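Reader: I have the model open beside my bench notes and would love a short tour. Could you take me through a few places in it?

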Amino acid sequence: MFRSASTLSPIAAGPGSINTVSSDFLLANHLPGMQINGRMSAVRRFFCLFVTFDFLFTSLFWAICILIESGGEYHALVDEIIQYNIKTSFFDIVMVAASRFTILLLFYALLHINHWWMVAITTALSCAFFIVKSLLYKWKSKSSQPFEVTLLLLSFFISWIEAWFVDFRVLPQEGRAMRVLEATNCDQTESDPLLPRLERVRDYLSHYTETIGDFYSPMESPIGSDDEDEYNIPNAQKKLSPEERELQTTAGEALQKSLEVLSSPGWKLEKESSHGDTIYSKVGPRRTKIYKLHSVVDVDPSILFDELTHRIENMPAWNKALTMAKVVQRVDNNTDVVHQIAAEGPSGMVTARDFVTVRRWKKSEDCWVSASVSVTLKDEPPQKSIVRGENGPGCWVIRAIEGSGKKCSFQWLLDTDLKGWIPQYVLDQTLSHAMTDFMSCLRAHVLTIKAASASAAAAPSSHRRYAR
């Protein structure tokens with residue numbers, strides 16, 4: 001009837017404890033995959049509850065089926081268990097559910113594994129057994145058949161839901177929560193104030209991971225639709241095919257993931273050039289080495305973004321690392337598919353590669369972002385004469401530098417798999433050299449642009465002097 005003093009006044013539990021607990025639970029509202037104080041995440045807990053529901057539901061459904069068939073005789077349940085036979089008894093469906101329940105809770109609740117292989121095994125074995133069961137079972141009276149068929153089909157369906165939920169909900173959301181917390185430095189410490197922690201996560205999510213509709217909603221005006229439509233595609237009027245919608249989704253996810261990786265901690269200095277370009281590396285989400293370049297370019301950020309994004313087909317003219325760049329499909333105002341052929345590496349150590357990537361670009365205040373990731377396009381199949389590489393989520397981020405005139409900061413995230421057998425030390429030298437070489441070509445191209453702009457600006461004044 002009466003509450004204890006500690007319940008009425010949670011502050012009595014110790015300084016900072018209420019902030020820590022509240023912060024954890026409030027952050028979990030933003031990140032369903034977040035683990036609170038070492039406990040399992042909300043999305044993993046839901047999966048464990050669903051597995052428990054699977055076992056209890058299957059057991060109840062089986063009992064109801066037997067009771068209906070036997071006219072309410074409870075001894076029929078015992079007979080189904082004691083006199084079990086795969087051709088006459090449905091008790092094995094319950095045992096399959098019990099096996100999934102035991103194995104999945106052991107590995108995903110107690111051992112807390114972060115891989116889909118175990119649920120894939122349980123689903124595959126369950127489905128194989130269900131198929132064999134349907135072929136061997138001697139179907140009985142017509143009155144009970146609908147219930148038995150329904151139990152078998154529901155068990156088959158539920159086992160696939162479990163596999164889908166782990167692979168498309170549990171693991172992605174927990175991985176995303178980990179990346180966001182690392183990127184915002186939200187360490188689980190009692191000294192971390194409540195509001196700063198929440199504000200860092202909220203700012204990060206609002207800045208880099210807007211709603212899915214903002215990234216690639218095909219039926220609404222895309223981000224940046226107020227700008228000039230460089231592809232002359234009327235906004236919200238082009239009906240997208242399922243393949244184009246999938247490309248939009250893939251590109252939007254690549255933009256989101258690349259920004260998360262770019263701002264995550266754990267980068268180690270790999271190389272520093274004489275121009276001040278710094279290259280960092282770390283092991284990426286695909287367990288391969290990825291690279292990040294930081295640089296400053298003496299040009300207006302909008303001009304640089306336009307050259308790298310909207311004039312990509314002109315890039316081989318000034319970037320010696322490319323021999324061909326072509327836009328092969330235009331999806332919407334901010335998304336397209338590009339086919340590029342990279343020249344062979346220094347001394348021919350790495351032969352030429354080609355890449356087919358979907359790109360997505362976006363402008364937010366004084367920041368320009370262009371992200372890309374490899375895709376499979378039926379109109380651009382791999383060629384026998386050249387090895388096709390694969391790019392993970394990568395991006396260019398261009399920001400204006402306040403008080404520096406026309407200069408801008410340039411960041412490049414590179415996650416590429418050149419395929420073929422290439423020693424890691426050769427790969428490190430090739431990719432780091434390619435990044436610094438690209439910056440040299442870019443700076444030379446910027447000087448050409450400035451010279452052309454200066455000539456264009458001087459031409460009218462010279463014409464006026466000649467007229468006088």
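Reader: Which class, nonpolar, polar or charged, has 20 residues in the lining of the second largest pocket?

Author: Keep in mind that this is a predicted model. By class, the lining has 13 polar and six charged residues. The class with 20 residues is nonpolar.

Reader: Which residues lie nearest the centre of that second largest pocket?

Author: The pocket has a volume of about 900 Å³, and 39 residues line it. Those that lie nearest its centre are L322, A342, F355, W412 and L414.

Reader: Which element gives the largest share of the lining of the second largest pocket?

Author: Several elements give two or more residues to this lining, among them strand 5 (335-342), strand 7 (367-374) and strand 11 (408-414). Strand 6 and strand 10 (394-400) are also on that list, as is helix 12 (424-467). The largest share is six residues, and it comes from helix 12.

Reader: Is T357 buried or exposed?

Author: T357 has its place in strand 6, residues 353-364. Beyond its neighbours within four places in sequence, T357 is in contact with residues including D336, V338, S372, V375 and N391. Its relative accessibility is 2%, and the cut-off for buried is under 20%, so T357 counts as buried.

Reader: And how many Å apart in space are I161 and T123, C-alpha to C-alpha?

Author: I161 lies in helix 7, residues 145-183, and is partly exposed, with a relative accessible area of 26%. In sequence, I161 and T123 are 38 residues apart. In space, C-alpha to C-alpha, the distance between I161 and T123 is 9.1 Å.

Definitions and conventions. Residues are numbered from 1 along each chain as its sequence is written. This is a predicted model: local features need pLDDT of at least 70, side-chain atom pairs count only at pLDDT 80 or more; totals for chains, interfaces and linings use all residues. Side-chain values use heavy atoms; hydrogens and water are left out. Helices (H or I, at least four residues) and strands (E, at least two) are DSSP runs, numbered from the N terminus. Buried means under 20% relative accessible area, exposed over 50%, partly exposed in between (1.4 Å probe, protein chains only). Contact means heavy atoms within 4.5 Å. On a 1 Å grid over the protein atoms alone, a cavity is a set of points where a 1.4 Å probe fits but cannot get out, and a pocket is an open set with protein on both sides within 12 Å along at least five of seven lines; lining residues have an atom within 4 Å of a point. Grid points are joined across faces, edges and corners, and a volume is the space filled by probe spheres set on the points. Ala, Val, Leu, Ile, Met, Phe, Trp, Tyr, Cys and Pro count as nonpolar, Asp, Glu, Lys and Arg as charged, and the others, Gly among them, as polar.
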